[in-house]
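Q: I would like a close look at one part of this model, followed outward into its surroundings. Please keep it brisk and residue by residue.

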Amino acid sequence: MAASGFYLRNVLLTTFTSISATLVNQTVRQCPRFLAGFIQTRDSHYKRRKTHASSWWVKRKLEYAEQDLTTENFDFLQDQIKEEFAPSPIGDQNSPLREPPWARGKWEPGCYRTGVIARKIGIYPMWTKTGQRLLTTVLQVLDNHVIRYIPPEVHALDQFGKKYNGKLGCAIIGAEAADPQLFTDSYNGLFKNSGVQTKRKLTKFIVSPNAAIQPGTPLTVNHFRVGDYVDVWGKTVGHGFQGVMKRWGFKGGPATHGCTKSHRRPGCIGAGRTGRVWRGKKMPGHMGQERRILHGLKIWRINTKYNVIYVHGPAVPGHNHAYVYIMDSRLKEKQPVEPPFPTHYLDDIKEPLQEEYYDDELHPFGAPTVTFPEDEQDAKTAVKIKKR
């Protein structure tokens, strides 16, 4: 029996719909995330920022504080914590290294070293030997230790490590020692194998297998050198929910001539005949608290006494005392050459460390003031001013 026209029409529509849906899903999987956002699919939308912890993250802080301890018991616990995690030289029985020292790899071009966690202190002006003024951002590396190393084969099983195809591992770094009594047992359990005290901040860096560092190893500002270039990333200053005038710089509505309660409103949002608002329209919303990274910042100065590093520019994201993350620059022309690999160890020091290290182009503060000879025109102008 011959098929009717309505039957053929339904079959063709069903086939075309299934094929188009398959093509769209494959395109979303293969395209980068920023391209997938423009494809109008139901599952293509993603959040720009996260204001809550991930579902797999270990609960960190306690919901209540233990108040039944007396002053003597509290002081006793504090003394026990200090004795257990007291610093000691490598090789001693009380050293944080729980295993024999690992074999250290050799540096190769293109390999990834771990980074460090620092706090942004502020902006500081400096001058070069030619008299040029520049602004630097002061970052302090506070009590960094390696907590755990995840090999490439294990990291490839993670949803964040699949894209490296089992070629790169992961190093978990902790910063700023804190009182273990303020955190949960599950969070404190993350630090048992490393032998270091509970840290206030944790993050992970992608590293090459030859740049693996043993858990418990300290990381200082000597991990970097003066004159090298680094990438610094952090979260921008959060401003909360803001309108379009502050968030996007809109002009706003008229101040008079019948304007009522629309002085700072965005106006028409352009729905038009489609009956919907286009994706990416500038609207009121959460301002700031975005992840930003700066590439290729030069290190001008390093202070080894206070673990302070001075990087170029005042645009490092975040407010003062915010956490930032420093790593070797990924730019091809600014990658370091034979840096301390995989990090700077205390037993590798052949000469005593200096307190301050300056770049060759930077003018040290202890040096005499820079003076320049006056040009003939400037000398003539100075003479004329004196005669007046």
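How many residues does the largest nonpolar core have, and which of them have the most contacts inside it?

A: A caution to start: this is a predicted model. Its largest nonpolar core has 31 residues. Those with the most contacts inside that core are L139, V230, V232, I309, V311 and I326. Among the strands, β12, spanning residues 323-328, gives the most to this core. Its share is 4 residues.

Take V311 as a way in. Leaving out residues up to four places away in sequence, V311 touches ten others: L135, T136, T137, L139, V230, L297, K298, I299, W300 and V316. Two of these contacts, L139 and V230, also appear in the list of residues with the most contacts in the core. A second core stands separate from this one and has 8 residues, including I172, Y187, F191 and V196.

Now step to D228. This residue is found in the loop between β6 and β7, the latter covering 229-235. Is D228 buried or exposed? D228 is buried, because its relative accessible area is 15% and the cut-off for burial is under 20%. Beyond its neighbours within four places in sequence, D228 is in contact with L297, K298, I299 and P336. L297, K298 and I299 are also touched by V311. The side chain of D228 has a partner as well: a polar contact of 2.9 Å joins it to the side chain of R225.

Next, the sheet that includes β6. It is open, with 4 strands in the order β5-β4-β3-β6 and antiparallel pairing. At its edges are β5 (199-207) and β6 (218-219), and each of them pairs on one side only. Strand β6 runs antiparallel to β3, residues 144-150, and 2 bridges join them. In one of the contacts along this pair, N144 has L219 as its bridge partner in β6.

Charged pairs come next. Side chains of opposite charge can pair when their charged atoms come close. The structure holds 9 salt bridges. One of them joins the side chains of K199 and D143, at 3.0 Å from N to O. K199 sits in strand β5, while D143 is in the loop between β2 (133-141) and β3, so this pair ties together parts that are 56 residues apart in sequence. K199 counts as buried, at 2% relative accessibility. D143 is partly exposed, with a relative accessible area of 34%.

Strand β5 holds another charged residue, R200. Its partner is E176, and the closest N and O atoms of this salt bridge are 3.9 Å apart. That distance still qualifies, because the cut-off is 4 Å. E176 lies in β4, residues 169-177, so its pairing with R200 ties together parts that are 24 residues apart in sequence. E176 is buried, with a relative accessible area of 14%. R200 is partly exposed, with 34%. The pair does not stand alone: R119, E176 and R200 are linked in a network of salt bridges.

A further salt bridge lies elsewhere in the chain. The side chains of R301 and E356 meet at 2.9 Å, N to O. R301 is in strand β10, residues 291-303, and E356 is in β13, residues 356-358. The pair therefore links distant parts of the chain, 55 residues apart. R301 counts as buried, at 9% relative accessibility.

Last, the backbone. Most residues other than glycine have a negative phi, and most peptide bonds are trans. Against that background, three places are worth a look. A cis peptide bond joins F341 and P342, with omega about -10°. P342 lies in the loop between β12 and β13. Q289 has a positive phi, near 60°. Q289 is found in the loop between β9 (285-287) and β10, and is partly exposed, with a relative accessible area of 30%. N307 also has a positive phi, near 55°. N307 is placed in the loop between β10 and β11, the latter covering 308-312. At 18% relative accessibility, N307 counts as buried.

Technical notes. Residues are numbered from 1 along each chain as its sequence is written. This is a predicted model: local features need pLDDT of at least 70, side-chain atom pairs count only at pLDDT 80 or more; totals for chains, interfaces and linings use all residues. Side-chain values use heavy atoms; hydrogens and water are left out. Two strands pair if DSSP finds at least two bridges between them. Helices (H or I, at least four residues) and strands (E, at least two) are DSSP runs, numbered from the N terminus. A nonpolar core is a set of buried Ala, Val, Leu, Ile, Met, Phe, Trp, Tyr and Cys residues joined through side-chain atoms within 4.5 Å. Buried means under 20% relative accessible area, exposed over 50%, partly exposed in between (1.4 Å probe, protein chains only). Contact means heavy atoms within 4.5 Å. A polar contact is a pair of N or O atoms within 3.5 Å; within protein, one must be able to donate a hydrogen and the other to accept it, and residues adjacent in sequence count only if both atoms are side-chain atoms.
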